Amino acid sequence: MNKNLLEYQGQLSSEVRVQLITLLQCIALYNLGKRSDLKRLVGIALELLDNAQRYNVGSDVDFTWHIANGELIVQVTNRAVGTDAERLLKSVADIARMTPEEVNAAFKQQLQEEGFGDKGGAGLGMLQIARKSGNQIRAFAEPVDKDLFICRSEVSASLERTKC
């Protein structure tokens, strides 16, 4: 049994998300000890789960939280329509080209602008993840049919206290 691993496959609702985050807080505390950055690490998972719930077609997701080799790796997989999959890939690609200072500036700018759609869509979630992870975000989208994609978002964060 791996004590540093949490996997969840199933329906994602607000209630399930709250329970997963509570469980992750316990897992993080038990496996990483009292750290000033536990809230940041759990926040990465919260943002990914929030995005998965918001853009999911259907209600099922695959979620993994894994601690290995001095790094936290969080993955979430869900189904999304083409426009949401494209926006995810574009957002992650745009963020990958930014410096930490540019990520912070873009986050502040998004907070001040009106750009929210019916699902959110302002890009704040991914910018927040980039700020918390040191910009270690990857996204993948695989077509299932005409306008349905399987999207996977993956974030890694260093557990060294001297890094982000």
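This report describes salt bridges in a predicted model.

## Overview

The predicted model contains 8 salt bridges. Three of these pairs are described below: Asp37 with Arg40, Arg54 with Asp50, and Glu154 with Arg138.

## The Asp37 and Arg40 pair

Asp37 and Arg40 form a salt bridge in which the closest N and O atoms are 3.1 Å apart. Asp37 has a relative accessible area of 12% and is therefore buried, the cut-off for that class being under 20%. Arg40, with a relative accessible area of 16%, is buried as well.

## A pair within helix α2 and its network

Arg54 and Asp50 meet through their side chains in a salt bridge, with an N to O distance of 3.1 Å. Both residues belong to helix α2, which spans residues 38–55. Because they are 4 residues apart in this helix, about one helical turn separates them. Arg54 is partly exposed, at 35% relative accessibility.

## A pair between strands β4 and β5

Glu154 is joined to Arg138 by a salt bridge whose closest N and O atoms lie 2.8 Å apart. Glu154 is located in strand β5 (residues 148–158) and Arg138 in strand β4 (residues 137–145), so the salt bridge ties together parts that are 16 residues apart in sequence.

The accessibility of each partner was also computed. Glu154 is buried, its relative accessible area being 13%, whereas Arg138 is partly exposed at 27% relative accessibility.

## Shared partners

Salt bridges with partners in common link Arg17, Asp50 and Arg54 into one network. Two members of this network, Asp50 and Arg54, are the helix α2 residues described above.

Terms used. Residues are numbered from 1 along each chain as its sequence is written. This is a predicted model: local features need pLDDT of at least 70, side-chain atom pairs count only at pLDDT 80 or more; totals for chains, interfaces and linings use all residues. Side-chain values use heavy atoms; hydrogens and water are left out. A salt bridge is a side-chain nitrogen of Lys or Arg within 4 Å of a carboxyl oxygen of Asp or Glu. Buried means under 20% relative accessible area, exposed over 50%, partly exposed in between (1.4 Å probe, protein chains only).
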